[in-house]
Every structure is written in C-alpha cells, then in structure tokens.
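Please walk through this protein fold with an eye to its open space, its sheet and the helices beside it.

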Amino acid sequence: MSDAVTDRISEFLAEQMSAQPQRASVTFLGVEPVEVLRFVSGDDVVFVTLGCARHPMSEPTDLHADPVRGPRAELVVRLHVSVPLPGLHKRMATVAAAPAVEGLILAPDALVDLSEPIWDGAAPTALLLEADDLGDLALPEPMDPVRFLRAVPITANEAAWVRLKGADALREAWREAGIDVMSPERSAAQL
C-alpha cells in the first residue's frame, strides 16, 4: 500500500508542476527512505518530500495506531534560485521522517525547530508550516488525503516570535515589512 501512495503522489506532483524532478533519496536507520524532489520553475525552485505520507501520522503514545486512517502530509519548500542551498534536501528529509521516528504530527501553523541551519550557512533554523498551493491529494477510501504543507524557513528570532505571539502575528509582520519569504537571502522580520 505504501508504494501505491508514493507512486500516486509522484504522479500528482509531475502533473501539478508540469515537469519531471531531480531526485535525492535519504535513508534513516529503521525508516523507509525519504526522497526530496526538486522542481525548477523559471527563477524559482520547489522542493517536495516524498515518503512522509506513506503511512498516517499518529501520536507516539498510541499503541494501536490505525495503519490506514489518519493525517498524511508532505513538505514543500519554495524559494527563489539566487544562492546554492546545500544540505536543504537532507534537512527536509529529516523533518519528513520525524512523524515515523518521533511521532511528530505535521499540520498548518506547526513550528519545527531544527536548531541548525536549514541549509548549510543559512540564517533560518526552523520551519513554519502552512497549507501549500498544491492543495490536497485524495487517496482511495478509507485513507485520509495527503496534505501538502509549505515549510517556510524562519530564523531563531522569528521562531521565538511564533512561540510568543503565534504564526499569524509573524505572517502579519512579514506583510507589514514587505518581506519576501521565498528569498533565501532575506533578512529576518524586525520584531
């Protein structure tokens, strides 16, 4: 069943992005491999995980987690192509594996703090999740749909702001300051 889910996601992404991606696979001990797909669209690059949604996410304390029903998600990072992004695919795969390894539930407005640069040498050290423009991918009943969650790279100060004031307050600060969150070289919001 899990291969059928990843195959369907791969087909959906190829249709939505109108392109075939470059692929990188990352393997973690005891977990099925996670791929990170890289699509280039003009001056933008879109990275999407493939493998997080193989199985439904569940609380780590749930000893009888449903193997079919439950939330499923994949991560999407959208950036302008202006600087190299070494290591981004590895960090994304780490977060995508976290539901299987740590029982993390990925959902809109979730803050995922890696406590290390999102890509080598980057200022952002965390990701703020929100619904992505890709929408949801319906799977055969009784499986829940796959949600594509945009993972916006944020700095440690911005992550602290999210903890204090909430995700919407940070998004409002970005709007007021005219910050382009797709710029990998952007400055942090002045909070």
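By class, eleven nonpolar, four polar and three charged residues make up the lining of the largest pocket in this predicted model. The space in this pocket comes to about 290 Å³. Its lining counts 18 residues, and those closest to the centre are C52, H55, P56, P99 and A100. Two elements, β2 (31-41) and α2 (88-102), give two or more residues to the lining of the largest pocket. The largest share comes from α2, with four residues.

A pocket is not the same thing as an enclosed void, and the structure holds one cavity of 30 Å³ or more. About 60 Å³ of space lies in that cavity. Its lining is formed by L79, W119, A123, P124, P153, T155, V181, S183, P184 and R186. Sorted by class, the lining of the largest cavity has seven nonpolar residues, two polar and one charged. Empty space of this kind shows up when a probe the size of a water molecule is rolled over the atoms.

The sheet comes next. Strands of a sheet pair through backbone hydrogen bonds, and the pairing can be parallel or antiparallel. In this model, seven strands form an open sheet in the order β1-β2-β3-β4-β7-β6-β5, and the pairing is mixed. Which strands stand at the edges? They are β1 (22-28) and β5 (111-113); each has a single partner strand, so one side of each is left without a neighbour in the sheet. On average, neighbouring strands of the sheet are turned by 30° against each other, direction ignored.

At the β1 end, β1 and β2 pair in the antiparallel sense over six bridges. Within that pairing, S25 stands opposite E35 of β2. Helix α1 (residues 2-17) packs on the sheet and touches β1, β2, β3 (44-50), β4, β6 and β7. The direction of α1 makes about 85° with that of β6. Helix α4 (residues 167-177) also packs on the sheet, where it touches β6 and β7. The angle between the direction of α4 and that of β6 is about 90°.

Strand β7 (residues 146-154) lies between β4 and β6 in the strand order. On one side, five bridges join β7 to strand β4 (residues 72-80), and these two run parallel. One of the facing pairs there is L75 opposite L149 in β7. On the other side, eight bridges join β7 to strand β6 (residues 126-137), and this pair is antiparallel. L127 has P153 of β7 as its bridge partner, and P153 is also one of the residues lining the largest cavity.

Is β7 enclosed or left open by the rest of the structure? Eight of its nine residues are buried, so β7 is largely enclosed. In a regular strand, side chains alternate between the two faces of the sheet.

One residue of helix α4 is worth a closer look: R171. Is R171 buried or exposed? Its relative accessibility is 12%, and because buried means under 20%, R171 counts as buried. Leaving aside neighbours within four places in sequence, R171 is in contact with D109, L128, L129 and E130.

Methods: Residues numbered from 1 in each chain as written. Predicted model: local features only at pLDDT ≥ 70, side-chain atom pairs only at ≥ 80, totals over all residues. Heavy atoms only, no water. Buried < 20%, exposed > 50% of the residue type's maximum accessible area, 1.4 Å probe, protein only. Pairing = 2+ DSSP bridges. 1 Å grid on protein atoms, 1.4 Å probe; cavity = no way out; pocket = protein on both sides within 12 Å on 5 of 7 lines; lining within 4 Å. Points joined across faces, edges and corners; volume = space filled by probe spheres on them. Nonpolar A, V, L, I, M, F, W, Y, C, P; charged D, E, K, R; others polar. Axes fitted to C-alpha atoms, helices over the stretch in contact; angles between N-to-C directions. Contact = heavy atoms within 4.5 Å.
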